[in-house]
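Thanks for sharing this one; here are a few notes to read alongside it. Please keep the viewer open as you go.

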Amino acid sequence: MSKDQNKHKSQSPKVPSSTTGYAIDRFKRLQQKEVSVKVIFDEIINKDTAALSKGITLIESTKQKHSKKAQQLVEMCLPYANNSIRIGITGVPGVGKSTFIEALGNLLIQKGKKVAVLAVDPSSTISHGSILGDKTRMESLVRSSEAFIRPSPSGKSLGGVAQKTRESIILCEAAGYDVIIIETVGVGQSETAVHSMVDFFLLLKLAGAGDELQGIKRGIIEMADALVINKADGDNLLRARKAKNQFRKALHLYPLAQSTWSPEVLTCSALEGSGIEDIWELILKYQEVTSKNGFFEENRIQQNKFWLLQTIEEQLKSSFYNNPKIKDELNSQIQGVQQNKITPFAAAHYLLELSKEK
């Protein structure tokens, strides 16, 4: 082989040996320079996972200069969205949410589905980054080219739901993912936020955990479309069956939901993969029932209204605290309140009036 041929061979672009390698290569190239919204959008609808990650990073950015670009990207993706089933999964820490999601995700991929997992991790109070790292806990699912897993720090958002998860759903749908799974922290603050962005809300439970670990059950059970007793295997199988019967009886005490759907209780072993097929069939049954009676579409309309109002509140709050006059005066007003020189209400009134001045 001549020197010219060797030179030409060495300059030829390397072809990644796997889809994962290709995605990493694409992500690095996208990170190297400021990419236009149009480029990111084109790559997303062409099902490029690196561009999808870039887009979600743009959405999650707290920098003011990224806000307008993020809004443009979401609006461009919107016509390609709303074509998935959105599933929210919650439960107390240790119930096996990640193992369950991996088992469900692998089953759906076998059925020809594309699965996106938006896993909301608890935030570190020091670095404000994710703690749990779902990509390391869903080892087999993360290797699939038909799966996309995005851990996001929950930050200060109520109920452990990242502020921008709603917009991330739209991007995932535009990228061709037809099942979107949202995993919440499940610490019991409030699961209202995740409930307001999904079609089907699934609550994972443990048998024999005791009421002290299930203190969140009252509020969440009222929102749940299904209760699943996980870890129904080995010595725990009998306890799981007993818990299933107890929860079935308890559900009869709750009024029928607006969807007219009566929540069901199932058992599964995410570790062994048993019962996962039944859960997916139940989700499909729910989708069929609520689509026929019109609730499925009406629920999404009401969710859009909810997020409109939420976004207005967030924008007003952001505008208030970023106002230079407020930044100058806020600390002095706080000190005045702490020293009992002014009431909190008077200080708040003063600051709000100050924010209106031009």
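1. Which residues are buried in helix 12? They are A240, A243, K244, F247 and L251, where buried means under 20% relative accessible area and exposed over 50% (1.4 Å probe, protein chains only). These buried residues cover an arc of only 110° around the axis, which puts them on the same side of helix 12. The other side of helix 12 has L238, K242 and K249 exposed.

2. A word on the basis: this is a predicted model, in which local features need pLDDT of at least 70, side-chain atom pairs count only at pLDDT 80 or more, and totals for chains, interfaces and linings use all residues. Residues are numbered from 1 along each chain as its sequence is written, and side-chain values use heavy atoms, with hydrogens and water left out.

3. Now for helix 16 (residues 344-356), whose buried residues are A347, L351 and L354. Seen down the axis, they fall within an arc of 60°, so they line one face of the helix. They pack against helix 14 (295-321) and helix 15 (324-338), contact being heavy atoms within 4.5 Å. Turned away from that buried side are the exposed residues F345, H349 and K356.

4. Finally, helix 6 (residues 97-110) packs with helix 13 (residues 276-292) at an angle of about 75°, and the two are therefore roughly perpendicular (the class for 65 to 115 degrees). From helix 6, F100, A103, L104, L107 and L108 meet I276, E277, I279 and W280 of helix 13. This contact counts 8 nonpolar residues, no polar ones and 1 charged.

Notes:
Axes are lines fitted to C-alpha atoms, for helices over the stretch in contact, and angles run from 0 to 180 degrees between N-to-C directions. Helices (H or I, at least four residues) and strands (E, at least two) are DSSP runs, numbered from the N terminus. Angles under 35 degrees count as roughly parallel, over 145 as roughly antiparallel, 65 to 115 as roughly perpendicular and the rest as oblique. Ala, Val, Leu, Ile, Met, Phe, Trp, Tyr, Cys and Pro count as nonpolar, Asp, Glu, Lys and Arg as charged, and the others, Gly among them, as polar. The arc is that of the directions from the helix axis to the C-beta atoms.
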